[in-house]
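Please follow the chain through its packing first and its unusual backbone geometry afterwards.

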Amino acid sequence: MKKFLQNKKGRYPFRQSKRGPRCPSKDFFLSMPTSNQGWPEDFGFQLGGIGPTYIVSVEEGSSAHLAGLQAGDQVLEIEGHNVSTLAPQAVIAIAQTQKNIPPSIGVVSRIQQMDIVPGPDGRFGFTIVGDCPLLVEDCSPCSPAGRAGLRAGDYVMEVNGIPVRHHEMAATLIKASQGRTLRLGVLSLGPRHKRSTSLEDSQMGGEWVRLDRKHKALEFNRKVDQILGDDPEVKEKLFSVLKQYAAEKRVEWLASVLLEILTTDKHRQLISSIRYESELLTASLRGGYTCLL
């Protein structure tokens, strides 16, 4: 937890984190308002949530920013009073009646890290809007982002470890990650409720599975063409064996037959791919993607 502490030059927070302590230099001096009536905006930050209360944005260069407050912090205490379950209006009312300017505030970071693996089309399946903070406007539960835990109404605070405040910067970083795993630092203001799966969601989830299988089949097909492009007979035998395996699921048989069909070192480069993808490939073959192979 970090707190605003009193010293001769004003009140500032001392933050202890994995990145090390963050505190003002000896020459640091904050120009503070003369009252708490404009707290928190006059000190450069905004609150959100419905209880608990969170800091959702911190203005760059403000006293709060220079002091070390960060978007994603949860407000736990005001002048030693426990406010960890209160809504922003109640927290503000308490803070504005305090004599100390600004009131001491205890906070702790609530940013969650989410790793999102892109879908077959290279996309992550969510949209963001606004600035300071960035709000997740739409996110299907069946999309890659939804399966990673992202929900509409969440705030995006970091993209690949970089703090973001503006939509343009966040969009650029997210676009640069297409095709690779995306890490988001997310603040969720609401509880995570278990949700019932509707027929529509089930159908959407099935569509993502179908597209993923299709993508895997296409990738395997490209690899087969690269290695067996000059050996159409071997290629035909391989697909015939895979179809039979899809029907019978005899792993030992498949392993022995592959060694008989793929006789050269170059051909046997495919064996590891077949072992790794065997379940997806056979599902694709049963699902009608034989033409892709």
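What covers the buried residues of helix 2 includes strand 3 (45-48) and strand 5 (73-78), where contact means heavy atoms within 4.5 Å, and where helices (H or I, at least four residues) and strands (E, at least two) are DSSP runs numbered from the N terminus. This is a predicted model, in which local features need pLDDT of at least 70 and side-chain atom pairs count only at pLDDT 80 or more, whereas totals for chains, interfaces and linings use all residues. Residues are numbered from 1 along each chain as its sequence is written, and side-chain values use heavy atoms, with hydrogens and water left out.

In helix 2 (residues 88-96), the buried residues are Pro88, Val91 and Ala95, buried being under 20% relative accessible area, exposed over 50% and partly exposed in between (1.4 Å probe, protein chains only). Seen down the helix axis, these residues fall within an arc of 65°, so they line one face of helix 2; the arc is that of the directions from the axis to the C-beta atoms.

The largest nonpolar core (buried Ala, Val, Leu, Ile, Met, Phe, Trp, Tyr and Cys residues joined through side-chain atoms within 4.5 Å) has 19 residues, and Phe126, Leu150, Val156, Val159, Leu182 and Leu184 have the most contacts inside it. Among the elements giving two or more residues to this core are strand 8 (112-116), helix 4 (167-176) and strand 13 (182-187). A second, separate core of 17 residues includes Val224, Leu238, Tyr245 and Ile261.

Turning to the backbone, a cis peptide bond joins Trp39 and Pro40, with omega about 5°, and another cis peptide bond joins Ile101 and Pro102, with omega about -10°.
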